[in-house]
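This report describes one protein chain. The sequence and the model are shown first, and the description comes after them.

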Amino acid sequence: MDLIKIGMFIANRRKMKNLTQFELAEKLNVTDRAVSKWERGKSLPDSSIMLFLCKVLEISVNDLLSGEVVSMNNEELEKKLVEVVKAKEDADRRLLALECIVITLSIIILLISALISSYIPMADWKRIVIIIAGLIVCVVGLVFCIKIEQVAGYYECKKCGHRYIPTLKSMWASMHMGRTRYLKCPNCGKKSWQKKVISKE
């Protein structure tokens, strides 16, 4: 799958519709940064909004994944869609594994900095610098992990079963236990403890 070709195709179709990146982003309820990443071939649109993007650009999913207007039978199209969904799920699993590694390393570095500053004789200013360095690494790791948790997979509403990707703002504001977060569902509007799931369906 040629992401650069797909990105150029999205950009050309958007321009044909006289839409700016910001206007297209608003229609899809994503950021203009996300649209920019698609158009530069850095990522694919999420499967949850792919159909709506195709509707806005007046193309088929097959056209989108091919990076041009094409004709293809249903069997080939279905195969391509399955490939895209599987690739996203695999990438999400790798991201969530990376999240575990990053948070573990961040905590280890913080603990090591605390132990060093507590038990090794040194000037007070050196202790402060070591502790601050450990805290900075831990905070950066935490921010990175929250971003990974937001984009990898979906959260499933306990009330209506809707699966979606929450906003980064709602992730920061929510209480959580592991990968279960107390979030407001954009579909039914109710708050519940929602679990992280990998697949859209």
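The text below covers the nonpolar cores, two helices that contribute to the main one, two buried residues, the backbone at some asparagines, and the pocket. The model is predicted.

**Nonpolar cores**

The largest nonpolar core is made up of 21 residues. Within this core, Ile10, Leu24, Trp38, Leu53 and Leu64 have the most contacts. Five helices each give two or more residues to the core: α1 (3-16), α2 (21-28), α3 (32-39), α4 (47-57) and α5 (61-66). The largest share comes from α4, with 6 residues. Leu53 illustrates how the parts meet: leaving aside residues up to four places away in sequence, Leu53 touches Ile10, Leu24, Leu28, Trp38, Pro45 and Leu64. Another core, of 5 residues, lies apart from the largest one. Ile146, Tyr164, Met171 and Leu183 are among the residues of this other core.

**Helices α2 and α4**

Which residues of α2 are buried? They are Leu24, Ala25 and Leu28. Viewed down the axis of α2, these buried residues fall within an arc of 100°, so they line one face of the helix. Residues three or four places apart in an α-helix point the same way, because there are 3.6 residues a turn. The cover over the buried residues of α2 includes α1, α3 and α4.

In α4, the buried residues are Ile49, Met50, Leu53, Cys54, Val56 and Leu57. Around the axis they cover an arc of only 155°, which puts them on the same side of α4. Leu51 and Lys55 are exposed, and they sit on the face of α4 turned away from its buried side. Glu58 follows α4 and has a positive phi, near 55°.

**Asparagines with positive phi**

Two asparagines in loops have a positive phi. Asn18 lies in the loop between α1 and α2, and Asn29 lies in the loop between α2 and α3. Asn29 comes after the end of α2. The values for the two residues are listed here.

| Residue | Phi | Relative accessible area |
|---|---|---|
| Asn18 | near 55° | 67% |
| Asn29 | about 60° | 73% |

Neither residue is a glycine: phi is positive in Asn18 and also in Asn29. Buried or exposed, how does Asn18 count? With a relative accessible area of 67%, Asn18 is exposed, the cut-off for exposed being over 50%. Asn29, at 73%, also counts as exposed. Asn29 and Ile49 are 20 residues apart along the chain, and their C-alpha atoms are separated by 9.0 Å. Ile49 belongs to the buried residues of α4.

**Glu149 and Leu96**

Glu149 is placed in helix α7 (residues 124-151). Why does Glu149 count as buried? Its relative accessibility is 5%, and buried means under 20%. The side chain of Glu149 is joined to that of Arg181 by a polar contact of 3.1 Å. Not counting residues up to four places away in sequence, Glu149 touches Glu99, Tyr155, Met171, Gly178, Arg179, Arg181 and Lys196. One of these, Met171, is also a member of the 5-residue core.

Leu96 lies in helix α6 and is buried, with a relative accessible area of 7%. With residues up to four places away in sequence left out, Leu96 touches Ile148, Ala152, Arg179, Lys196 and Ile198. Arg179 and Lys196 are thus named among the contacts of Leu96 and among those of Glu149. Leu96 and Glu39 are 57 residues apart in sequence, and their C-alpha atoms are 25 Å apart in space.

**The largest pocket**

How much space lies in the largest pocket? The volume is about 1,700 Å³. The pocket is lined by 48 residues, and those closest to its centre are Val30, Gln150, Val151, Ile165 and Pro166. The elements giving two or more residues to this lining are α2, α3, α4, α6 (74-119), α7, β2 (163-164), α8 (168-173) and β4 (180-184). α6 gives the most to the lining, with 8 residues. Helices α2, α3 and α4 therefore appear both in the list for the pocket lining and in the list for the largest nonpolar core.

How values were computed:
Residues numbered from 1 in each chain as written. Predicted model: local features only at pLDDT ≥ 70, side-chain atom pairs only at ≥ 80, totals over all residues. Heavy atoms only, no water. Core = buried A, V, L, I, M, F, W, Y, C linked by side-chain atoms within 4.5 Å. Buried < 20%, exposed > 50% of the residue type's maximum accessible area, 1.4 Å probe, protein only. Helix = DSSP H or I, 4+ residues; strand = E, 2+ residues; numbered from the N terminus. Contact = heavy atoms within 4.5 Å. Arc of directions from axis to C-beta. Polar contact = N/O pair within 3.5 Å; in protein donor to acceptor, adjacent residues only side chain to side chain. 1 Å grid on protein atoms, 1.4 Å probe; cavity = no way out; pocket = protein on both sides within 12 Å on 5 of 7 lines; lining within 4 Å. Points joined across faces, edges and corners; volume = space filled by probe spheres on them.
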